[in-house]
Amino acid sequence: MISQTTSKPIDLTQSQEPPPELVKEIKEAIESQLRLTLARHFDNATKREVWMATCLAVRERIIDRFIETQATHNREETRRVYYLSLEYLMGRLLNVNLRNTGLHQSVASALRELGFDLDEVGEEEHDMGLGNGGLGRLAACFLDSMATMDLPAIGYGIHYQFGLFRQEFEDGRQVERPDDWLKYGNPWEIVRPQHAQKVSLYGRVLHSCDDLGDYRPQWVDTKQVEGIPYDLAIVGYGAQTVNFLRLWEAKASEQLDLQVFNQGGYVEAVREKAMGESISKVLYPNDETERGKELRLVQQYFFVACSLQDMISRFQRTDEDWNAFPEKVVVQLNDTHPAVAILELMRIFLDVELMSWDKAWDLVRRTFAYTNHTLLPEALETWGEALFEKVLPRHIQIVREINRRFVAEELKNRWPDDEQRIREMSIVGDGQVRMAFLSVVGSHSVNGVAALHTKLLKDRLLRNFAELYPDKFNNKTNGITPRRWLLGCNPELSELITSVVGDGWVTDLSLLRGLEAVADDSSFQERFMEIKRTNKVVLTDMISSNMDLSVDPDALFDSQIKRLHEYKRQHLNLLHILTLYRRLLHNPELDISPRVFVFGAKAAPGYHLAKVIIHAINLVGKRINADSRINGKLKVAFWPNYGVSSAERIIPATDLSEQISTAGKEASGTGNMKFALNGALTIGTLDGANVEILEEVGDENIFIFGKTVDGIEELKNSGYEPRSYYEEDEELKAVLDWLASDFFSPKEGNVLEDLPKSLLEWGDPFFVLADYRAYMEAQERVGVAYGDKEKWASMAIRNVAGSGKFSSDRTIGEYASDIWKLNPLQVTTGE
């Protein structure tokens, strides 16, 4: 196991005074950047310009270490891991870069002397629009850990001009606006046009032979697009290693046709250019249309083709022997989105390097490793053969040949008489190219992201492949970086923890176990809960200013912040809110702990029911928030445009973390880890990483409810009838009928009726009604526990103490040891 320790930066806590000479240097650097780069001075500079100048001044100090890191890696001709991900949910970088470089207090002091507050200046930074949900946030945590642990690593992705979308609410409905995150520029990135790569698309395959009579197909009549790289420095904690994330932006290879333009053909002159550059315009184009699907496939191929050329170029600077390629290059596929890289590397080896099939396939399989992130069969990516052939005519030949050999040489040898199994395992079949199957067959490692997830992959979703390749499958439970998700977002709690266990926890989170010794200490509990209340006051102020809603910081803050999907069951949470509301209307004196329900979620633009759930939460919340009859005992706040930066405020303020997905549907989850690390208690099912959180914190410090994976399976097999739960539970029947009426939408009619219909008439596919009563009972246990302040404080502290396993440093250490065979490399100056 790779060590998780590293050098300590200059400062850690708020109480340490920075060196005056360093403050002076930074102050001068900020002034210089403002004047020389932005052509402004402090008399007329806006806060955004001060933020930009501050970022550039900090970047100056990172760049030298970045250059030294790459020089060391090149000089040592080291093995590297290349992380391919279509998403990176990076959040804001100023705060995390200041923490990791140890410059936080110095920069804060410098800005204070210049008349600015660091926190206010930091609010000018826009979240980078490079990701959507947990997949992208995990990738960002992994980059942080790889740099902190001195592992030679490069991330690759797409430099999207527009993020997923900026969410607004109109009459409670989600409305999508463009997320133009690059509007004011990005001070952290460095464009590298000298490392541009050319990518071919479409065209046809010319069947030809070489001088020796060997078949050598040629991919001809292609359209060309150019990938321009933008590098983003990834600063490890202590700033010893600075790796980078390389993001590709699409540019048309053929620039504007000036002759056509001058003849008046303006549209025609720019059409090809615009089409080429649309590739990197938007994160996740709507793939409900054929054109949207095509753009999605083009995006995926574009970024892996650029990335592989870049890797090969780096390899060839020091090596000529292709046999050494898997010794120097290991490529981790973050889900199936980059899986076409397997086919592209085969194409390069076969068509460019003229290798034999067997040699090329051996090198490819030794190079790639695959992480699966889903248990939903419908989420396993597939492409229609016709579309694949249109966009990538050479690659469809290669994948068909891979499949032919896989069936003939592996499947028929293992199961010669089992035609049904062979059909089920075929990479190409029923007119589809199955990218998850390609990823399994073309990689030397396949991992799940939580113990339960990996077990279900092996037992159910990929059972046949696990039987064929038992040694390939392994588990790597996800983790989160404590640098952002505790040190950065909860500095007061970080200081308190450091006062008990020392500051080594920042790179060795297992040290948090030391907090168990003070979990029942009254003075520690008092300080711990004071910090929680301070964080709640901050969030209360934000809710007041952003949503015009007044909430009580002494209420129980109950949060569910995650992508909106039926399996995550935000509507189960809503049924609990409605049940409490109805009880209070019938008995205003009911003795319950006041609650503030905080939601944050975006629904995919084409996902109708998810948008109905958002609408329902907002309409119910509007009625509850305005109803004086319940004496403010319930409030509902749906945070618009939820992202990393809002999570950094919501998570430290939360008392109860909602992790209520249907058992067997959530691969892991990392929000559950972030909440526990910040002292929130979990209410959840035995799903994903909840199972391991239960093991780490103890069943007395978590609220587990609902059907297990086996229980869900039994319900399915016995014929699940959701209406029976409705008929037999008076409260459930009442709240569903209430929701189906026009009570919450008197001016719009029963616009929410599709929600109860999905549960009663459309099969309740995620077993909301089956878990409703158990959820209500678990919530009652929560209310009782919250009423005992000493018990709650002890439980919250023990959640922090039990979070040590969930560091991304631990996860990355396991990847490096077990899959990548990658050793840390200390960066030297080269002098």
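**Exercise 1. Count the disulfides in this predicted model, then check C55 and C141.**

Solution.
- The count comes to zero disulfides. The model is predicted.
- Recall the chemistry: a disulfide is a covalent bond between the sulfur atoms of two cysteines.
- The cut-off for the sulfur pair is 2.5 Å.
- Take C55. The nearest cysteine sulfur belongs to C489 and is 19 Å away, and C55 is in no disulfide.
- C55 has a relative accessible area of 0%, so C55 is buried.
- Take C141. Here the nearest cysteine sulfur is again that of C489, 11 Å away, and C141 is in no disulfide.
- The relative accessible area of C141 is 1%, so C141 is buried.

**Exercise 2. Classify the ring pairs F325–F349 and F437–F465, and place each ring in its helix.**

Solution.
- Start with the total: the structure holds 28 aromatic pairs.
- For F325 and F349, the ring centres are 5.8 Å apart and the planes stand at 90 degrees. Planes over 60 degrees apart count as edge-to-face. The pair is therefore edge-to-face.
- F325 sits in helix α10 (residues 325-328), and F349 sits in helix α11 (residues 340-352). The pair therefore ties together parts that are 24 residues apart in sequence.
- Check burial: both F325 and F349 are buried.
- For F437 and F465, the centres are 4.7 Å apart and the planes stand at 50 degrees. That angle is neither under 30 nor over 60 degrees, so the pair is tilted.
- F437 belongs to helix α16 (residues 435-441) and F465 to helix α18 (residues 463-468). This pair therefore ties together parts that are 28 residues apart in sequence.
- Check burial again. The cut-off for buried is under 20% relative accessible area. F437 has 12%, so F437 is buried. F465 has 2%, so F465 is buried.

**Exercise 3. Identify the members of the aromatic cluster and the charges that lie over the faces of Y469 and F743.**

Solution.
- One aromatic cluster is formed by Y83, F142, Y815 and W820.
- Over the face of Y469 lies K472, at 3.9 Å from the ring centre.
- Over the face of F743 lies R623, at 4.2 Å from the ring centre.

**Exercise 4. Describe how α11 and α12 cross, and list the residues in contact.**

Solution.
- Helix α12 spans residues 357-367.
- The axes of α11 and α12 come within 9 Å and cross at roughly 145 degrees.
- The crossing is right-handed.
- From α11, the contact uses I342, L345, M346, F349 and L350.
- From α12, the contact uses W357, A360, W361, L363, V364 and T367.
- Link back to Exercise 2: F349 is in this helix contact and also pairs with F325.

**Exercise 5. Work out how far helix α3 is covered, and what follows α3.**

Solution.
- Helix α3 runs over residues 94-101.
- Seven of its eight residues are buried, and the helix is mostly covered.
- The buried residues are L94, V96, N97, L98, R99, N100 and T101.
- G102 follows α3, with a positive phi near 75 degrees.

**Exercise 6. For N618, S426 and H453, give the location, the burial and the contacts beyond four places in sequence.**

Solution for N618.
- N618 lies in helix α23 (residues 608-626).
- Its relative accessibility is 15%, so N618 counts as buried.
- N618 touches F169, G172 and F638.
- K183 is 435 residues from N618 along the chain, and their C-alpha atoms are separated by 30 Å.

Solution for S426.
- S426 is in the loop between α15 (419-425) and β14 (428-429).
- Its relative accessible area is 8%, so S426 is buried.
- S426 is in contact with N403, R434 and F437. F437 is also a member of the tilted pair with F465.

Solution for H453.
- H453 is in helix α17 (residues 451-461).
- Its relative accessible area is 0%, so H453 is buried.
- H453 is in contact with N372, H373, T374, L375, G448 and A667.
- G664 is 211 residues from H453 along the chain, and their C-alpha atoms are separated by 7.5 Å.

Technical notes. Residues numbered from 1 in each chain as written. Predicted model: local features only at pLDDT ≥ 70, side-chain atom pairs only at ≥ 80, totals over all residues. Heavy atoms only, no water. Phe/Tyr/Trp six-rings, centres within 6.5 Å; stacked < 30°, edge-to-face > 60°. Helix = DSSP H or I, 4+ residues; strand = E, 2+ residues; numbered from the N terminus. Buried < 20%, exposed > 50% of the residue type's maximum accessible area, 1.4 Å probe, protein only. Lys NZ or Arg CZ within 6 Å of the ring centre and 35° of its normal. Axes fitted to C-alpha atoms, helices over the stretch in contact; angles between N-to-C directions. Left-handed = near helix turned anticlockwise from the far one by under 90°. Contact = heavy atoms within 4.5 Å.
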